[in-house]
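Hi,

Here is the structure I promised to pass on. My notes follow below it, with the cut-offs spelled out so that you can rerun everything.

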2 protein chains.
Amino acid sequence: MTAGSPLVAALDHAGHRLTGPRRAIADLIAERGASTFTAADLVADVRSRRLGIGRATVFRAIDLLVAVGAVERVDLRTGEHAYVACVPAHHHHVICSRCARTVEIGDLGLGALARDVARRTGYRIDEHRLELHGLCPACQRAVALA
Amino acid sequence: MTAGSPLVAALDHAGHRLTGPRRAIADLIAERGASTFTAADLVADVRSRRLGIGRATVFRAIDLLVAVGAVERVDLRTGEHAYVACVPAHHHHVICSRCARTVEIGDLGLGALARDVARRTGYRIDEHRLELHGLCPACQRAVALA
DNA sequence: GGTCTTGTCGAGACTCAGTATCACTGCGCA
DNA sequence: TGCGCAGTGATACTGAGTCTCGACAAGACC
Ligand SMILES: [Zn+2]
Ligand SMILES: [Zn+2]
Ligand SMILES: [Zn+2]
Ligand SMILES: [Zn+2]
């Protein structure tokens, strides 16, 4: 596990201290794979495994990983804030509303679209966010059986 | 003002009671025009104008207007939840990070893009959200002078 | 207009996410 | 191995949003 996650590598590379709590939280996040998770999920993990990590530290670690680009925030349809571990390059997410599994997709011409919108509205576009919400193949099957 | 806002009309049309507080909140929202506002903004308006409307009622009215499609939730870059009054048809928003003014843009081929993503990932896409954040022309000038 | 039913309201308690504070600790470096 | 400072945990706090409940008023029907 110490060998591990690109999350830890990202922190290291950005010149942040590799503390025990940070490694532990990075591991918890890595376990989630490509699924979204909330801060509350991690806090629950920490408690159920008796890791002895404080609530505040969980929030601090998430913020740090977001700042470093190893984790991104996504806004669920419910309004909840969730996060996903992902590559630091620009991309977007397809998110399953039922099981939280995500797939990354490329920019798909949105950069060009944003420039076009900028030209037509006069706005200077600094950032764009696209999120696609739906059901992953497995959940479609599961729902069909219900 | 009573003649007014399409917001009130939307409530009426959807078969909801047109109560005093709802009209008042609809008016407050109408005053914001195409700018985003938070629930806290409305609560502050209500208090500063001594409208005597309860906090809970403000939240309830917003929820109702969202349900009816007369208002949409947008997620600011800070993570705050904000809202905008807008037409019930599918569209997206360009949002100024400085003054909250927005411009609506059409789907611009995103529907097709979503279908393409669905085909390639196997996900069933139910909803997509695109938000463009930046600076409106006026704020660009204001920032340039600073 | 009067009356009735039912949806809505305001107040206030409550929950839960996220932040602030501060004394202590352990990471990284010499 | 020891030192300095970033990082941490406990705890208190803030602020968004929800729930409950008795009072009330919108609209329907007469
Ligand atoms: Zn799924
Ligand atoms: Zn993009
Ligand atoms: Zn602006
Ligand atoms: Zn669209």
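**What turned up**

His92(B) is buried, at 3% relative accessibility (buried means under 20% relative accessible area, exposed over 50% and partly exposed in between, with a 1.4 Å probe and protein chains only). Before the rest, some ground rules: this is a predicted model, where local features need pLDDT of at least 70, side-chain atom pairs count only at pLDDT 80 or more, and totals for chains, interfaces and linings use all residues. Residues are numbered from 1 along each chain as its sequence is written, chains are lettered from A and ligands numbered from 1 in the order in which they are written, and side-chain values use heavy atoms, leaving out hydrogens and water.

**Zinc sites**

His92(B) gives its NE2 atom to the zinc ion (ligand 4), along with His90(B) (NE2), Asp107(B) (OD) and His128(B) (NE2), at 1.7 to 2.0 Å. Donors here are N, O and S atoms within 2.8 Å of the metal (3.2 Å for Na, K and Ca); water is not among the atoms, so sites may look incomplete. The angles between the four donor atoms run from 90 to 130 degrees, so the arrangement is tetrahedral (four donors count as such if all angles lie between 85 and 135 degrees). The donor spacing in sequence is H-x1-H-x14-D-x20-H. His90(B) is partly exposed, at 46% relative accessible area.

The zinc ion (ligand 1) has four cysteine SG donors, from Cys96(A), Cys99(A), Cys136(A) and Cys139(A), at 2.2 to 2.3 Å. Their spacing reads C-x2-C-x36-C-x2-C. Cys99(A) sits in the loop between β3 (92-96) and β4 (102-105) of chain A and Cys139(A) in helix α6 (residues 137-145) of chain A, so this pair ties together parts 40 residues apart in sequence. Helices (H or I, at least four residues) and strands (E, at least two) are DSSP runs, numbered from the N terminus. Angles of 104 to 115 degrees make this site tetrahedral as well. Cys139(A) is buried at 4%, whereas Cys99(A) is partly exposed at 27%.

**How the chains meet**

A turn of 180 degrees with a shift of 0.0 Å along the axis lays chain A on chain B, with an RMSD of 0.0 Å. The two copies are therefore related as by a two-fold rotation axis. For the superposition, least squares was applied to the C-alpha atoms of residues with pLDDT of at least 70 in both copies. In chain A, the residue closest to the axis is Leu130(A), at 2.2 Å (C-alpha).

In the interface, 38 residues of chain A are in contact with 38 residues of chain B (contact means heavy atoms within 4.5 Å). The copies meet through the same surface, because 100% of the interface residues of chain A are also interface residues in chain B.

**Salt bridges**

The whole structure holds 18 salt bridges over all chains, each a side-chain nitrogen of Lys or Arg within 4 Å of a carboxyl oxygen of Asp or Glu. Two of them cross the interface of chain A and chain B. One pairs Arg77(B) with Glu127(A), with 3.4 Å between the closest N and O atoms.

Within chain B, Arg129(B) and Asp75(B) form a salt bridge at 2.8 Å between the closest N and O atoms. Both residues, Arg129(B) and Asp75(B), are buried. In chain A, salt bridges with shared partners join Arg73(A), Asp75(A), Arg129(A) and Glu131(A) into one network.

Best wishes

Methods
Four donors count as tetrahedral if all angles lie between 85 and 135 degrees; four count as square planar and six as octahedral if opposite donors are over 155 degrees apart and all others between 65 and 115; anything else is irregular.
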